[in-house]
Amino acid sequence: MSAARLSSCLPGAWCLEQHMPPSSMLTTVGGPVPVNSRVGRHKQRYAETGERLVAGCIPIKYPGSDPTADTVQVMLISRGGKGWTFPKGGWEDDETVEAAARRETVEEAGVRGSIEEHVGTFSFCSNKQEHQGNAHQGRCRAHMFVMRVAEELETWPEYSQRLRCWVPLAEASSKCMHQWMRDALNTWVANKGWQQQLEAAAQAQQQQQLHGSDSGDSLSS
């Protein structure tokens with residue numbers, strides 16, 4: 001594995017790439033490991049109003065049977081160091097929306113698990129050049145789910161293109177580059193009733209950082 005891939009992990013985050021070397025493993029508890037990602041747009045679904053339909057997951061893990069704001073960790077992925085996101089992609093006409101979300105998650109993030117809930121539908125506009133000239137003009141509508149990860153593959157279809165990291169739930173929103181993805185995560189947090197708890201944790205962390213900065217200034221003066 002290249003040093004560039006290792007150094008792209010989020011500072012302070014537990015990065016899977018540093019702990020999971022490449023492998024020739026062919027099957028796992030979740031069945032055969034997918035080899036390639038789906039490509040092309042010939043099966044792409046579109047809404048009646050023209051938006052490209054997308055499906056994806058917020059991958060999470062937590063100990064025990066009941067998640068809490070303190071114990072949940074969230075996986076983020078990055079392609080080419082261009083920012084951290086959740087796995088997502090086109091919903092095709094030969095699969096359910098849940099199947100599309102699962103497929104995109106294993107193709108991009110290399111994880112599989114159980115879908116715990118449908119968070120909601122979120123609209124956004126793709127900045128990819130190839131989407132701008134299409135009839136939908138880059139407009140997309142994403143169905144986002146929460147997936148509890150049960151399996152982390154050592155190799156997956158987009159292994160060579162992507163990094164992945166686990167971060168605490170309290171940090172995930174600020175690390176995510178797209179507003180609509182932050183909205184999806186924050187919607188799930190609100191549904192769980194964790195919003196005030198996470199806001200309090202964020203304020204405490206900011207105060208701790210300020211005190212640390214003040215201490216450093218005092219030592220240098």
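Of the 221 residues that make up this chain, 43% count as buried, a label given to residues whose relative accessible area is under 20%. The model you are looking at is a predicted one, and every value in this text was computed from it. The accessible surface of the chain comes to about 11,600 Å², and carbon and sulfur atoms account for 49% of that area.

Following the chain, you will find that its secondary structure comes to 6 helices and 10 strands. Consider next how parts of the chain that are separated in sequence meet in space: if you take the contacts between residues at least 6 apart in sequence, 73% of them join residues that are at least 24 apart.

A good place to see such pairing is strand β4, which covers residues 52-61. Is this strand mostly covered or mostly exposed? Strand β4 is mostly covered, since 9 of its 10 residues are buried. To picture its surroundings, it helps to go through its partner strands one at a time.

With strand β9, which spans residues 139-152, β4 runs parallel, and 9 bridges join the two; if you would like to locate one of these bridges in the structure, look for G56 of β4, whose partner in β9 is M144. Strand β7, made of residues 88-90, runs antiparallel to β4 and is joined to it by 3 bridges, and here the residue V54 has G90 of β7 as its bridge partner. Strand β5, residues 73-79, also pairs with β4 in the antiparallel sense, over 2 bridges, and in this case K61 has its bridge partner in Q73 of β5.

From the strands we can turn to a pocket lined by helices. The second largest pocket holds about 350 Å³ of space, and of the 15 residues that line this pocket, the closest to its centre are A170, S173, S174, L198 and A202. Which elements give two or more residues to this lining? They are the helices α4 (169-175), α5 (179-192) and α6 (195-220), and it is α6 that supplies the largest share, with 7 residues. When the lining residues are sorted by class, 6 are nonpolar, 7 are polar and 2 are charged.

Taken together, these two regions give you two places to begin as you turn the model: strand β4, with its parallel partner β9 and its antiparallel partners β7 and β5, and the second largest pocket, to whose lining α4, α5 and α6 each give two or more residues.

Terms used. Residues numbered from 1 in each chain as written. Predicted model: local features only at pLDDT ≥ 70, side-chain atom pairs only at ≥ 80, totals over all residues. Heavy atoms only, no water. Helix = DSSP H or I, 4+ residues; strand = E, 2+ residues; numbered from the N terminus. Buried < 20%, exposed > 50% of the residue type's maximum accessible area, 1.4 Å probe, protein only. Contact = heavy atoms within 4.5 Å. Areas by Shrake-Rupley, 256 points an atom, 1.4 Å probe, with all protein chains shown as cover. 1 Å grid on protein atoms, 1.4 Å probe; cavity = no way out; pocket = protein on both sides within 12 Å on 5 of 7 lines; lining within 4 Å. Points joined across faces, edges and corners; volume = space filled by probe spheres on them. Nonpolar A, V, L, I, M, F, W, Y, C, P; charged D, E, K, R; others polar. Pairing = 2+ DSSP bridges.
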